[in-house]
Amino acid sequence: MSDFTQNMRNASQEKDLIESLVSRTHFKKPEIEALIKHYKRLVTCASYTSTNRRGLMDRTIFRDFLLQQFQMTDDIFMDRVFRAFDTDNNSYVSEEEWVTGMSVFLRGTVQERVKFCFTVYDLNQDGYISREEMFHVLKNSLLKQASDEDPDEGIKELVDIALKALDQDHDNRISFLDFENSNKKDKYTLVMELLGPCLPQDCLRDAYEATYCAPANKQPFA
C-alpha cells in the first residue's frame, strides 16, 4: 500500500472517529479536532526524546501533560487519572480515549465526575474504596505537609471522617452507590474530591480550554 493510500485511509478513519465522538462527548466537532491536534503534538514532541514509537500517549507523556497544564504533582493521583483515561488497560491513551476522557475531565456532568473520582480512588479496581485505600491515598497526599510527631494518627482520623461522610450502609468500605448517594444529598456541598484532588481547578481548566479547545487555526504552535 502506498503512503498516499495509507494517508487517505487514516484521514477517513479519523473523520469517522470525530463524527462518532461528537455524539458521545461534550465537545463540538472543531473542539474535537483541536484536541486531537494537541494530542498529536504531545506525542510527536515526546517521540524525539523517548523510546515510544507507537504514536500513542504513554504514561510518561500523560503525567507530563497533567503537570504542565493542571499542576498535578501527586504520583498516585496522576497514575490513577491515567488509568481512568486508559479504559482498555493497554498502558496507552488512544486519540479516542483522550477525547472521551477529556470530555469528563473538563466538562463532565456531576454524575460523570463522581464516577471518574471513584475510579481514581478505587486503587485495586474491586468496586470499593477500602479503609486501607483511603489511608494510602491520604497519607501520600498529606504526609509532605504533616508536622505532627505521629502523622499516621492524624490520617487515621481523616479516614474515620471520610467513612462517616461516605459509608452509608456502614460496612466499613465505600461502594460506588455509597459514593454516588453521598454526592446527591446536597448539590452545593459535593464531596466527590474528599479524598484528594483528581479533577482540574476551574481556572486551569478554563485556561486549557481557551488555548487547546479552540479551533485549530487559533491554537498556539507550542
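**Note on the structure**

1. Gln71 counts as exposed, because its relative accessibility is 53% and the cut-off for exposed is over 50%. The model it belongs to is predicted. Gln71 sits in the loop between α3 (59–70) and α4. Its phi is near 55°, which is positive, and the residue is not glycine. This backbone value merits a look in the viewer.

2. A second residue has a positive phi. Asn89, again not a glycine, has phi of about 55°. Where is Asn89 placed? It belongs to the loop between α4 and α5. Asn89 is partly exposed, because its relative accessible area of 46% falls between the limits of 20% and 50%.

3. Now the overall layout. The protein has 10 helices and 2 strands. Along the sequence, the order is α-α-α-α-α-α-β-α-α-β-α-α. The chain counts 222 residues, and 41% of them are buried. About 12,800 Å² is exposed, with 51% of that area supplied by carbon and sulfur atoms. Take contacts between residues at least 6 apart in sequence: 62% of these join residues at least 24 apart.

4. On annotation: the unreviewed UniProt entry carries "domain: EF-hand" over residues 73–108 and 109–144. For residues 73–108, the model gives 67% helix and 0% strand. The C-alpha atoms at the two ends of that span are 22 Å apart.

5. Aromatic contacts come next. How many aromatic pairs does a search of the whole structure find? It finds 17. One of them joins Phe85 and Phe105, edge-to-face, with 5.9 Å between centres and 75° between planes. This pair links distant parts of the chain, since Phe85 is in helix α4 (residues 75–85) and Phe105 in helix α5 (residues 95–107), 20 residues apart.

6. Are Phe85 and Phe105 buried or exposed? Phe85 is buried, because its relative accessibility is 1%. Phe105 is buried too, because its relative accessible area is 3%. The cut-off for buried is under 20%.

7. Both rings also belong to a cluster linked by ring pairs. Its members are Tyr39, Phe62, Phe65, Phe70, Phe82, Phe85, Trp98, Phe105, Phe116, Tyr208 and Tyr212.

8. Two cluster members, Tyr208 and Tyr212, bring in helix α10. Over residues 202–212, the buried residues of α10 are Leu204, Tyr208, Glu209 and Tyr212. They line one face of the helix, because they fall within an arc of 135° when seen down its axis. An α-helix has 3.6 residues a turn, so residues three or four places apart point the same way. Cys203 and Ala210 are exposed on the other side of α10. Note that Glu209 is on the buried list; check its surroundings in the viewer.

9. Leu56 is in the loop between α2 (29–47) and α3. What does Leu56 contact, leaving aside its neighbours within four places in sequence? The list is Tyr39, Val43, Ile61, Tyr92, Val93 and Ser94. Tyr39 on that list is also in the aromatic cluster. From Leu56 to Ser91 the sequence separation is 35 residues, and the C-alpha to C-alpha separation is 9.7 Å.

10. Ile129 lies in strand β1 (residues 128–130). Why does Ile129 count as buried? Because its relative accessibility is 0%. Ile174 is 45 residues away in sequence, yet the two C-alpha atoms are 4.9 Å apart. Beyond residues up to four places away in sequence, Ile129 touches Phe118, Tyr121, Asp122, Met134, Arg173, Ile174, Phe179 and Leu195.

11. Arg173, one of the residues touched by Ile129, has a further role in the geometry here. Which ring does Arg173 lie over? It lies over the face of Tyr128, at 3.5 Å from the ring centre. Tyr128 falls within the residue range of strand β1, 128–130.

Methods
Residues are numbered from 1 along each chain as its sequence is written. This is a predicted model: local features need pLDDT of at least 70, side-chain atom pairs count only at pLDDT 80 or more; totals for chains, interfaces and linings use all residues. Side-chain values use heavy atoms; hydrogens and water are left out. UniProt positions are given in the numbering used here, feature names are shortened, and annotations may be inferred rather than shown by experiment. Helices (H or I, at least four residues) and strands (E, at least two) are DSSP runs, numbered from the N terminus. Buried means under 20% relative accessible area, exposed over 50%, partly exposed in between (1.4 Å probe, protein chains only). The arc is that of the directions from the helix axis to the C-beta atoms. Rings of Phe, Tyr and Trp (its six-membered ring) pair if their centres lie within 6.5 Å; planes under 30 degrees apart count as stacked, over 60 as edge-to-face and the rest as tilted. A charge sits over a ring if NZ of Lys or CZ of Arg is within 6 Å of the ring centre and within 35 degrees of the ring normal. Contact means heavy atoms within 4.5 Å. Accessible areas come from the Shrake-Rupley method with a 1.4 Å probe; for residues, only the protein chains shown count as cover.
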